[in-house]
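Here are some notes for a colleague who has not yet looked at this entry. Please read them with the model open.

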Amino acid sequence: MEAGRPMVTVTGRAGAMALMAYAKNAKGEPAIALAKPVSAAATPAANSPEARKAAEAAEALAKLKKEMRLGKKNAIGDAKGRAKAKLQQVVERLKLLKKIYANDPKAMAKALAAAAKELKAAVKDYGKAAKEAGELYAQDFANLPDAATDPEGAAAQRSKIEDEAKMEAAGDQDFIKMTREISRSLREELQTAKTKGILTQPGKFERSDEVKEAEDGLKELDEMTEDLDQQVRRDMPPGSLMTLAA
């Protein structure tokens with residue numbers, strides 16, 4: 001210890017405060033109680049303004065989510081509807097093509113190639129909408145009520161989503177079936193045009209650019225249709241119990 005520096009004793013300020021913490025009062029209780037942790041804020045009473053505000057906020061959020069889902073579902077339905085309308089337009093056009101180009105196989109082949117191209121665009125658009133629908137239903141299933149706390153609510157909501165998904169998938173299969181039928185009709189017309197062309201242009205017409213373009217277009221259409229079929233089956237919501245016909 002250095003000379004001239006006073007010795008620090010227990011009677012110093014810090015020591016005195018430490019001793020006070022353990023001093024006893026007349027009843028034998030600590031003179032200074034140890035600090036208690038701050039308790040969490042109590043849950044607002046059921047009819048309190050805070051509780052009403054919380055309920056209103058939760059209701060508003062639920063309403064917003066419901067409106068957003070409905071808006072997305074309607075947008076998906078509109079996109080699928082436009083794709084189906086394109087199929088129907090091709091069907092009506094095919095009736096005219098058979099009359100207009102009955103004796104012009106080259107023009108018929110060119111028109112069939114254009115029809116195949118239009119159908120491929122429709123299948124692509126429909127596939128995009130179908131993918132969004134699958135994601136929508138997957139999200140619905142992920143947000144079901146907790147079956148442990150609300151078994152009836154969870155079961156009812158699951159059944160509702162499954163029924164809705166079944167109808168959606170049935171519509172997808174109708175589109176796929178219709179596309180296959182139109183593709184088959186176009187292929188038959190192309191074969192008829194090839195037969196007529198071969199009779200007038202032996203060895204040349206069947207190797208023409210018009211025929212090749214139509215054949216390639218129809219082949220790609222069939223491949224895209226099969227891909228769409230597999231996509232719809234793959235994206236079916238789990239537990240929906242849907243069985244789709246091949």
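**Notes on the fold and its packing**

1. Read from start to end of the sequence, the protein chain follows the pattern α-α-α-α-α. It has five helices and zero strands. The model is a predicted one, and the remarks below should be read with that in mind.

2. Two figures describe the protein chain as a whole. Of its 246 residues, 29% are buried. If one takes the contacts between residues at least 6 apart in sequence, 76% of them join residues at least 24 apart.

3. The largest nonpolar core has 30 residues. L119, F175, L186 and L228 are the residues with the most contacts inside this core. At least two of its residues come from each of α2 (49-100), α3 (105-142), α4 (151-200) and α5 (209-234). The helix that gives the most is α3, with 12 residues. Apart from this core lies another, of 10 residues, including A79, A129, Y137 and F141. As general background, nonpolar side chains in soluble globular proteins tend to be buried together.

4. L228 is worth selecting in the viewer, being among the residues with the most contacts inside the largest core. With neighbours within four places in sequence left aside, L228 is in contact with V123, Y126, G127, A130, F175 and I176. F175 is also listed among the residues with the most contacts in that core.

5. The next points concern helix pairs. Two packed helices are described by the angle between their axes and the distance between the axes. For α3 and α4, the axes come within 10 Å and cross at roughly 170°. An angle over 145 degrees counts as roughly antiparallel, and α3 and α4 are therefore roughly antiparallel to each other. The contact of α3 with α4 is made up of 21 nonpolar, three polar and eight charged residues.

6. How do α4 and α5 run relative to each other, roughly parallel or roughly antiparallel? Their axes cross at roughly 165° and come within 10 Å, and α4 and α5 are therefore roughly antiparallel. The crossing of this pair is left-handed. By class, the contact of α4 with α5 contains 10 nonpolar, four polar and 10 charged residues.

7. The axes of α3 and α5 come within 8 Å, with a crossing angle of roughly 20°. Because of that angle, α3 is roughly parallel to α5; the cut-off for this term is under 35 degrees. The α3 and α5 crossing is left-handed. In the contact of α3 with α5 there are 14 nonpolar, four polar and nine charged residues.

8. L190 lies in helix α4. Its relative accessible area is 4%, so L190 counts as buried. L190 and L112 are 78 residues apart in sequence, yet their C-alpha atoms are 7.1 Å apart in space. Setting aside neighbours within four places in sequence, L190 is in contact with A109, L112, A214, E215 and L218.

9. Is R207 buried or exposed? R207 is found in the loop between α4 and α5. At a relative accessibility of 63%, R207 counts as exposed, because the cut-off for that term is over 50%. From R207 to K194 the separation is 13 residues in sequence and 9.6 Å in space, C-alpha to C-alpha.

Key: Residues numbered from 1 in each chain as written. Predicted model: local features only at pLDDT ≥ 70, side-chain atom pairs only at ≥ 80, totals over all residues. Heavy atoms only, no water. Core = buried A, V, L, I, M, F, W, Y, C linked by side-chain atoms within 4.5 Å. Buried < 20%, exposed > 50% of the residue type's maximum accessible area, 1.4 Å probe, protein only. Helix = DSSP H or I, 4+ residues; strand = E, 2+ residues; numbered from the N terminus. Contact = heavy atoms within 4.5 Å. Axes fitted to C-alpha atoms, helices over the stretch in contact; angles between N-to-C directions. Parallel < 35°, antiparallel > 145°, perpendicular 65-115°, else oblique. Left-handed = near helix turned anticlockwise from the far one by under 90°. Nonpolar A, V, L, I, M, F, W, Y, C, P; charged D, E, K, R; others polar.
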